[in-house]
Each structure stands twice: as C-alpha cells, then as structure tokens.
Amino acid sequence: MSKMELRLAGSGGQGVILASVILAEAAVQSGKYTAQSQSYGPEARGGACKAETLISDAPIGFTKVQQPDFLMALTQKALDKYTVSLPEDCLVLVDESLTVPEKLSGHRVLCLPILRAAKETVGRAQTANVLAVGCINELLGITDAETIKKATLLHVPRGTEEINLKALTEGVRLASSASGQEKAPAVRAEKKKGAKQ
Amino acid sequence: MDQVVLMQGNEACVEGAIAAGMRLFAGYPITPSTEIAELSAYRLPQVGGKFIQMEDEIASIACAIGGSVAGVKSMTATSGPGFSLKQENLGYACLAEIPIVVVDVQRMGPSTGMPTSPSQGDVMMSRWGTHGDHPIIVISPSSVTEAYYQTIRAFNLSERYRTPVIFLMDEIIGHLREGMQMKEAEDITIVNRPTVQFPDPKRKPYHMNEKKGQMVPQMAPFGCGQRYNITGLIHDESGFPTNSPEEAEKLMYRLMHKISDNYKDIVRCEQVNMDDADVAIVCYGGTMRAAQTAMELAREKGIRCGIFRPVTIWPFPERELTAALKNLKKIVVAEHNCGQIVLEVERLTRGACPVAFVGKWNGTVITPQEILQKVEEA
C-alpha cells in the first residue's frame, strides 16, 4: 500500500490551500483516496498558513499529516516552524529566497525560484501556488500531466486558466531541470511507482 | 454508477440540504461554518431557492423558522458563538413544532475562543442549550460523504416529526476535503412534513387524530389561506395559549414521545469490529478518524479493539451501547472537549466495565497514538 503525506506552508494569501486542494483533486481524478485539510489563524492575509494533503491507495482514517514525506515552505516563518521534528526521509522544497536552517543539513532540500519565476517568467506573482503544484507533481509523480492539468483547471478562478496553465508548465520545467540529485532517493522512486496507475 | 467527487464537509452539507429540498438559507457567516453560507448563496438561486444574510444569528434562525412556517424547507448554519444566540428561538421551534435544520460547525470555545480550531464542546449544549424540558435530535457526521447523506436525513427527520434537528459538525469534518461517493438522485428518499390538503378555517392547527395514534399535527403553510396562531406559550389544539395543567401535560407528553417513541427511526450508530471486541472506542464526528487509525494500530498489536460511534448523538443510542456492554472489558471515550459524551457512557455503563477518557481542548486534534495509549492501558 502506498501512502503519501504532503504539507504545504506559507503565508495567508499565497494560495497554499488552493495548491493543496489541486493536489487532492489530482488524487481523486486518479482514483485514489485523499484527505485535504488546513490550519490558519483568524487573519485573512499574512498569518501563518499550513495545508495538508494525504494520498493513499486505501481509505484514510486519521486525516492529518503525522510523518510528512514532503514539505514545501514559501516563507521563512513557515520553514522555521514546520521543520521541527521532520522525518529524515522527508523531501523539502523551499523558495530560493529562504535561508535553509542548520537542522535541515541531513535532509534533501531543493531550492527553486518559485516566487521569482511566477512573477518574472509567468508574469503574475499570484500564480506561484500553481507553479508549485507543477513542481510537486513532477517531483512526486502524483499523477500524469493530463490529470494535473485537469485538476488545476477545475479549481483556478475563471478567466485565469491560461496564465495558470503557463505557471503549471513552468513549475514542471523548473523541477525537472533542477538536476536529479535531490529527488533521487530510493524511497521516493518506490513511492512514485506505487502512486502511478 | 456512483461518482466520486472532491468535496469539503461544509459543501457536502449544502448539497445534501439542497437534495433534501432546502430552498431557504438564512444565516450570518462565522468560521468554521462560513462555506455553508457562501455555497448556499451561490447554489440556491440556481434551484429556485433564496439565500438571505441576516443582521445576526438570532435573526437568522428567526428567518429560517418563518420560511418553514410558510412551507419552505429552511436551514441556518453557525458555530459555537452563534449557536449560543440561537438557543432561544430553538426552543420556540421545539414548542411551536416548526421543522428547521440548524447546523453548528463546532469550534474551540468558550466565547469566541479559537475561531479556526477544532472542538466538540457543544455536545451538551446541543442537548440542553435551550431552556425547559424539550425533545431534540442531534446528528454528527464523520466523513464528507456522511455530511451529505446525514444532512438529508436531518431534513427528513425534521419534516417527519416537525421538530428542529441540529446537525452537529466539527471543524475537522467541516473543513476536510475528500472524495465523496455520490449516489443517483433516485436512490435518495425525501420526506415532506404532514401538510393539510386544503385550507379549512374550522380546523384546529394542532389537532390530532389520537385514535389513529397520530403524534405529529398536519401543518398549514402560512399564505395558503388558513389563519392561525403560533406561539411559544403552552397552547392547546387551537394554537392559543392555555394555563390548563391537563393541556400542558398533554402537549409536553406528546412533544417528548413523538421523538422517544420513534427511537428506531431516529437513532443511528455505527459499530466497527465490535463482534469480538474486548475494548471499544466510543467517539463521534471528526474524532472517528483518529479512532479508526487507533483501532487498526491496536489490532496490529493483537488487541481486540472495536469502535462504537453514535451517528445520532441525541437521543443517544443507549439500547445499542447497553447491548454491546455485555462483551466488553473496557471502554475508551475520545472527544474534543473536557468530557461530555463520556458522562452519558458512564451513566449507561453503571460500572459494568472501566471507562477511560481521552479529551482535548487546546485547539489541536486528538491523535491515533493518544487513543491507542488508553486502549493499551488494560
């Protein structure tokens, strides 16, 4: 049985919840079980925000992440907060603008220009979350290219389809060009195989 | 063919309500129930229904009651702070026998507490929050799929017994997104309230054919041409207030018994692996998810563990729990509060076996390991 626990963290307004929802949608569209939830403070924007997606071949009991296989952080605050007691085999994806703390020296950490690429290459800073979805699907192999596209289109606001698909493609490109070393480990490869149908 | 769609618990509640026939939602948005108001505002106009945002929670339940009296299936939704405000009118709906569904997506309290954090602190309030002896039906879902189907059942029970039904969700299920199994529309049973065939000025609005064992009076929707009085005072069949002890006793007896006499129709509980269980985890709502994983972990360790989960919390499934007790060596009650359902379990257990308690009231969720620890402490 294959099970993946994903945690995405950032600042309220960055769209990490939507990114997490798109990943959950991709799982459902691939015939898998999923549980997606989030926690945030009372603020509308700017507070710490954490979103979680569990993907499994079997029905899911407990709906929260306990042993993350993957963590993405888009802000320094989120990175510092959610890297406490992180399992050793957890893959960490961070925005290039962040300082990777000492405690992650034993982890596989991938730094990608998520926020910059959204702003400069795609042309809209708000697409960073969908760009991240592209990165994550490329890294973890949650589903195929067609399904992740479909999942994205089901959840982005009307009128933004084109630019979000551009962001998705850019995310895939960023992750695939980020050389193999960080995403190589055997555990990952095995899970990736199990996750594909 | 059953279809699986990604949906949030709050959204499933709205879709279930619409499938059940809800055509009026009156509310005042509050985290973590806001999506219910939001989606109702979007969906109701599509099906010929109405959404109205009222000035506060008291007005919202009053509006839902008014809509229902006019013959429209109505719902309101809130969280703890708003549920406190709704209590007065909830009692009114009980006594005046107005079918409505009140959703409470529980959050950490008391007072405004922690708006985005899970809790199950309103369990006793849902039973006794409004003053005076009164019957109540409270249902608590444990998955997104169940949020959909149990909302339909909440409406059906509300209509059949002309009583408010409380749909007691928690933040865990309200804000959870997962795949929902959608059945075909024709596989869903919809119940409508007993309604008068034609307006008759001579007909007493709360008249019942006692010889036929009728417990629920037929309703004449306001606007149909029949004029009558509705009051929160104890009333007789004419709908007008009375101080007669006989009439008061008759009404109270009927109100309580229209629920308690229909235990089998109203009460639902789920029992998982209870056939050979030595230890039972008693839980409800979102806590079920941690319990499921805890049970699996316990079974892997060779502990014969099962789950007893009330789906209808009030009336509590006491017949089923009493029957299950015979084979149990221990009960572990898990809930996100300082101990509410555990009191009911202790009352029914009467010392037949030890009852352990796993509670949490700091805004975080109970983990499977925390439940497992109590299961293992034999």
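This report describes a parallel strand pair in chain B and the interface of chain B with chain A.

The model is predicted: local features need pLDDT of at least 70, side-chain atom pairs count only at pLDDT 80 or more, and totals for chains, interfaces and linings use all residues. Residues are numbered from 1 along each chain as its sequence is written, and side-chain values use heavy atoms, without hydrogens and water.

**Strands 14 and 15 of chain B**

Helices (H or I, at least four residues) and strands (E, at least two) are DSSP runs numbered from the N terminus. Strand 14 (residues 330-335) and strand 15 of chain B run parallel and are joined by five bridges; strands pair if DSSP finds at least two bridges between them. Val358(B) in strand 15 is the bridge partner of Ala334(B). Between these strands the chain passes through helix 12 (residues 341-349) in a right-handed β-α-β crossover, that is, clockwise from the first strand over the helix to the second with the strands pointing away from the viewer. In strand 15 (residues 355-359), Ala356(B) and Val358(B) point to one face and are buried, whereas Val355(B), Phe357(B) and Gly359(B) point to the other and are not. Buried means under 20% relative accessible area (1.4 Å probe, protein chains only).

**Interface of chains B and A**

| Property | Value |
|---|---|
| Residues in contact (heavy atoms within 4.5 Å) | 22 of chain B, 21 of chain A |
| Buried area (accessible area lost, 1.4 Å probe, summed over both) | about 1,600 Å² |
| Share of buried area on carbon and sulfur atoms | 56% |

Leu6(B), Thr116(B) and Arg177(B) supply 35% of the area that chain B buries against chain A, more than any other three residues.

Key
Chains are lettered from A and ligands numbered from 1 in the order in which they are written. Buried means under 20% relative accessible area, exposed over 50%, partly exposed in between (1.4 Å probe, protein chains only). Buried area is the accessible area (1.4 Å probe) that two parts lose on being put together, summed over both.
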